[in-house]
Amino acid sequence: MDAAAYEAAVKRVEDDPEGYWRDLAKRLDWMTFPTQIKDTSFHKHPFHIRWYADGVLNVSVNCLDRHLAERGDQVAIIWESDEGDISDNFTYRRLYEETCRMANVLKAKGVKKGDRVTIYLPMIPQTAIAMLACARIGAVHSVIFGGFSPDSIAGRIQDCDSRIVITADEGLRGGKAIPLKRNVDEALEQCPDVTDVIVIKRTKADVPMKAGRDAFYADLKQGVEATCEPEPMNAEDPLFILYTSGSTGKPKGVLHTTGGYLVWASHTHELVFDYRPGEVFWCTADVGWVTGHSYVVYGPLANAATSVMFEGVPNYPTTSRFWEVIDKHKVEIFYTAPTAIRSLMREGDEPVKKTSRSTLRLLGSVGEPINPEAWLWYHRVVGDSRCPVVDTYWQTETGACLATPLPGATAMKPGSCAKPLPGIKFELVDAEGKPLHGATSGNLVITDSWPGQMRTVYGDHERFFNTYFSTYGGKYFTGDGCRRDEDGYYWITGRVDDVINVSGHRLGTAEIESALVGNENVAEAAVVGYPHDVKGQGVYCFVTLKADVTPTDILQAELKGWVRREIGPFAAPDVVQFAPGLPKTRSGKIMRRILRKIAENDLSNLGDTSTLADPAVVDDLVKNRGG
Ligand code: PRX
């Protein structure tokens with residue numbers, strides 16, 4: 001898309017929204033093409049978000065069947081193993097047959113349309129196959145990132161009342177085995193309603209199998225047919241649930257539906273990455289996060305792309321790993337997270353320069369603000385100054401990308417996600433919700449719906465409304481702070497709520513606090529984020545111990561380990577500081593602003609502490625700062 005085409009699209013969606021959105025839906029194969037296009041209201045009375053509501057389609061047909069005639073022998077997924085010892089190509093035909101087999105296995109287990117299937121798998125092709133198999137029979141998948149702990153798995157299984165879990169014996173990442181089956185076993189002690197566990201063999205490790213509940217996929221799949229009738233799905237039938245952290249309470253089950261989600265994922269995959277038929281596209285995200293859903297699986301496959309699925313990590317066996325994989329599989333488009341770029345940048349240019357990367361045409365970044373230094377290094381060293389960088393801003397809730405520079409249409413400014421895509425209406429508002437104009441900073445809201453928007457919080461529609469639409473009445477609140485410059489470019493400055501972004505992983509500080517107070521030694525905890533060179537943000541915990549507990553280094557390490565076990569290794573605190581008291585207002589509210597400043601070591605800006613119930617606690621916190 002060039003600049004004129006971008007302007008024309010922005011104008012068209014303004015002048016003829018119905019026509020624009022209808023045309024967009026034509027990129028999919030429908031069993032019944034929708035006559036109802038957009039039917040949405042962000043206001044409480046009435047509140048609803050529906051897209052293409054009378055359309056009928058099946059996501060797996062759009063990702064597989066419709067490509068078979070012309071692209072059946074084209075590679076759909078290139079799988080690259082952790083060690084690099086195995087790569088395996090799945091053509092569209094093979095992926096189709098494997099999906100049908102898994103769909104038939106699920107059906108044989110009694111899984112029906114609307115049932116929730118939990119997927120806790122490593123980055124192996126069977127993960128994509130499991131997702132597509134659910135889509136084929138109309139089951140709703142809930143993928144849980146392989147880094148989550150048994151407790152986190154249990155919470156997610158219980159929340160959506162899932163009776164079946166697909167997992168693997170073990171995962172492999174950076175040469176380390178991850179005990180996936182063991183984690184599931186432990187989680188299921190709290191989930192008596194789960195009747196079936198399907199186990200895929202990845203490492204062939206010996207794992208305990210519970211009779212009557214657990215079965216190896218390799219056995220279940222024997223003799224199963226490689227065709228399976230797709231379930232006709234209404235556009236608004238759920239496709240998946242993905243749990244994500246918010247500022248309060250337990251993680252929310254973000255629900256995406258069939259038609260609008262796939263329209264938006266496939267449209268943005270083509271538009272944002274300027275995807276051209278035959279190209280190899282590599283998104284490094286884990287399928288356990290939304291980026292993996294939309295840009296490893298659904299977007300690329302709907303577009304008949306060749307998508308690389310990478311099991312490993314950026315720095316194993318060497319820090320050239322990413323660039324070697326690019327050369328090995330002749331990757332044209334590469335999409336990763338700022339945290340990976342920053343950690344590789346620290347290794348210098350040589351591990352990059354010794355590889356060719358001559359096939360690269362476009363680079364992408366996602367998940368957190370990218371600092372200009374990392375952006376410039378990515379552009380200059382990785383992309384040899386010839387590949388545009390698309391800094392794509394979006395969220396689990398938004399389904400797929402919302403704002404990014406478009407190669408050929410928008411000039412790039414390092415660190416800015418440029419402008420919203422046609423049809424996405426950004427607005428900056430002040431704390432009271434008053435719209436702000438011109439070059440300014442404010443809270444980022446979106447004033448109208450787009451097809452890829454989440455439809456509800458699973459099982460709690462009220463929470464959906466309250467979380468996103470009640471702060472600034474009638475507008476979707478992203479939770480992000482943002483600056484708009486004199487050219488109308490947007491610069492995301494980070495979350496303004498109690499969500500933190502650690503190595504591109506989204507965490508609620510409330511979740512970590514709740515894990516900490518679950519420890520028998522802890523009376524109270526307050527967690528904040530602070531700037532971290534590589535991870536973007538680090539986790540800083542202020543912990544008040546129970547009266548009879550002595551603060552020791554051992555206990556500090558124990559609490560870090562505790563959070564790792566309770567939530568997952570990626571949530572491990574960077575700093576635990578023992579605090580005899582926390583700064584509270586007289587009404588008992590913790591003043592997080594002060595804690596953030598202490599964590600950031602910005603001690604000259606603590607602000608007014610005189611309103612605190614006990615101002616002296618701040619002196620103690622400052623004196624004993626950790627780090
Ligand atoms: O704060 C924004 C940040 O990541 C949050 C969404 O996280 P999650 O739902 O896990 O989805 C991540 C992958 C899409 C946002 O609220 N974020 C995401 N992309 C960017 C970003 N911040 C700045 N620039 C980005 N490109």
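A residue counts as buried if 20 or more other C-beta atoms lie within 10 Å of its own, as exposed if 12 or fewer do, and as partly exposed in between. The model used here is predicted.

**Exercise 1.** Classify R495 as buried, exposed or partly exposed, and place R495 in its strand.

*Solution.*
1. Count neighbours: R495 has 18 C-beta neighbours inside 10 Å.
2. Apply the cut-offs: 18 falls in between, so R495 is partly exposed.
3. Locate the residue: R495 belongs to strand β26, residues 490-495.
4. List contacts, leaving out residues up to four places away in sequence: G479, D480, I500 and N501.

**Exercise 2.** Do the same for R506: which strand, which class, which contacts?

*Solution.*
1. R506 sits in strand β28, which covers residues 505-508.
2. R506 has 19 C-beta neighbours inside 10 Å, so R506 is partly exposed.
3. Beyond four places in sequence, R506 touches T244, S245, V499 and N501.
4. Compare the lists: N501 is a contact of R495 and of R506.

**Exercise 3.** Which residues does UniProt list for "binding site", and why do they gather at one spot?

*Solution.*
1. The unreviewed UniProt entry lists G367, E368, P369, D480, R495 and R506.
2. These residues span 140 residues in sequence, yet no two of their C-alpha atoms are more than 12.8 Å apart, so they gather at one spot.
3. Check one pair: R495 is in contact with D480, and both are on the UniProt list.

**Exercise 4.** Describe the segment that UniProt lists as "domain: AMP-binding enzyme C-terminal".

*Solution.*
1. The unreviewed entry gives residues 511-589.
2. Over residues 511-589, the chain is 27% helix and 32% strand.
3. The end C-alpha atoms lie 18 Å apart.

Notes
Residues numbered from 1 in each chain as written. Predicted model: local features only at pLDDT ≥ 70, side-chain atom pairs only at ≥ 80, totals over all residues. UniProt positions renumbered as here; feature names shortened; annotations may be inferred. Helix = DSSP H or I, 4+ residues; strand = E, 2+ residues; numbered from the N terminus. Contact = placed C-beta atoms within 7 Å.
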